[in-house]
Amino acid sequence: MRRFWSWLKINVFWVFDLCCPSEKSDLNSKDTDVESTMSAGGKKSTTATPNAASLVHKVIMVGSGGVGKSALTLQFMYDEFVEEYEPTKADSYRKKVVLDGEECSIDILDTAGQEDYSAIRDNYYRSGEGFICVFSITDADSFDATNEFREQILRVKNNDTSVPIVLVGNKGDLADSRVISLAQAQARAEQWNAHYVETSAKTHNNVDRVFYDLMREIKRRKVGFVPSNSTNPERGEKKKKGLKKACTII
Ligand SMILES: Nc1nc2c(ncn2[C@@H]2O[C@H](COP(=O)(O)OP(=O)(O)O)[C@@H](O)[C@H]2O)c(=O)[nH]1
Ligand SMILES: [Mg+2]
C-alpha cells in the first residue's frame, strides 16, 4: 500500500508538471528552494533565490538496486552521503541550479524497484529527458544490467538513440574491490555513443559533473545550442571544443 502511494505521488507530480511546466508543484515532497551555482573556479556556492527558474530538466536515475542511485541523488541535492537509504523508496527531487549562467531547475526521479512493473517503468521513462544509468564498479551483475536498462529506455523513446544517457560507474572509492575495468565500461559507453563517468557518492567525486553534463545535453536538445565555454563543475576546467561524445571522466 505504501508503495502504491509513493508511486501515485510521483506519477501525479510528473504528469502535473508536464501539463504545467511553469508551475512549481507542491506534490514534490523533496522540493528545495536551494540554488546551486557552479563557478569557473569549480566552487559550489549555495544561496536562496526567490525566483524560480522556468526551464526544468527532467532526469531519471536508473540501475540495479544497491549501486548508489539514491546516494548519488542525495549527494547532489544536499551534499551529504547517506549510508543507509530505504532500498525500495523511489522519490522525486527538484533543485534550482545555474547552468552556464542561466537559471533552471533539475527534476530528479530516483527509481527503486517499481520499475519491475513495466507500465510504471514506461510511464517514468516517457517523462524523462535524460537518464543516468548507474552501475557499481564492484558489482558485475549491475554492469550487465545497464544494457537492459538502456534497451528499456530506447523502447519507450521509440528507439531514439540520441536520448541523453550517461553511463556512471559508481563506488569509485572502493578501487580495491573493482571488478569492472575502466576499459570495459568505456567500451560500453562507446557502443552507446555516451559519456562514461566514474563517481563516488561517498567522496562526492564527479557527482556534480554527471548531473551538470547531462543537463547540458538535455538543454542542447531542447534549445539546440549550449555555450561552448561550459566548465567542469568539479575542477573548473574549460570544456574542450569538439569533444567526442563518447568520452570518459574518471
Ligand atoms: N563506498 C561507497 N558506498 C556507496 C556509494 N554509493 C552508495 N554506496 C552505498 O551503497 C549502498 C546502496 O546505496 P543506495 O544509494 O541505497 O543504492 P540504490 O539502491 O541504487 O539507490 C548504501 O549502503 C550506500 O551507502 C559510493 O560511492 N561508495
Ligand atoms: Mg535507492
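Colleague: Is Asp100 buried, partly exposed or exposed?
Modeller: In this predicted model, the cut-offs are under 20% relative accessible area for buried and over 50% for exposed, with partly exposed in between (1.4 Å probe, protein chains only). Asp100 has a relative accessibility of 24%, so Asp100 counts as partly exposed.

Colleague: Before we go on, what should I know about the numbering and filters?
Modeller: Residues count from 1 along each chain as its sequence is written, while chains are lettered from A and ligands numbered from 1 in the order in which they are written. Local features need pLDDT of at least 70, side-chain atom pairs count only at pLDDT 80 or more, totals for chains, interfaces and linings use all residues, and side-chain values use heavy atoms, leaving out hydrogens and water.

Colleague: Back to Asp100, then: what's phi there?
Modeller: Asp100 sits in the loop between β4 (91-99) and β5 (102-110); strands are DSSP runs of E, at least two residues, and helices runs of H or I, at least four, numbered from the N terminus. Most residues other than glycine have a negative phi. Asp100 has a positive one, near 50°.

Colleague: And what's phi of Asn193?
Modeller: Asn193 belongs to the loop between α5 and β8, and at 41% relative accessibility Asn193 counts as partly exposed. Here too phi is positive in a residue other than glycine, near 55°.

Colleague: Since we're at β8, which residues cover its two faces?
Modeller: In a regular strand the side chains alternate between the two faces of the sheet. Strand β8 spans residues 195-198, and its residues are buried on both sides. One side has His195 and Val197, and the other has Tyr196 and Glu198.

Colleague: Which residue stands opposite Val197?
Modeller: Strand β7 (residues 165-170) runs parallel to β8, with 4 bridges joining the two; DSSP must find at least two for strands to pair. Across from Val197 in β8 is Val168.

Colleague: What's the handedness of the crossover between β7 and β8?
Modeller: The chain leaves β7, passes through helix α5 (residues 182-192) and arrives at β8, a β-α-β crossover. With the strands pointing away from the viewer, a clockwise path over the helix counts as right-handed. This crossover is right-handed.

Colleague: Last one: which backbone oxygen does the Ser127 side chain reach?
Modeller: Ser127 is in helix α3 (residues 118-127) and is buried, with a relative accessible area of 9%. Its side chain comes to 2.7 Å from the backbone oxygen in question, where a polar contact takes N or O atoms within 3.5 Å, one able to donate a hydrogen and the other to accept it, and residues adjacent in sequence count only if both atoms are side-chain atoms. The oxygen is that of Tyr124.
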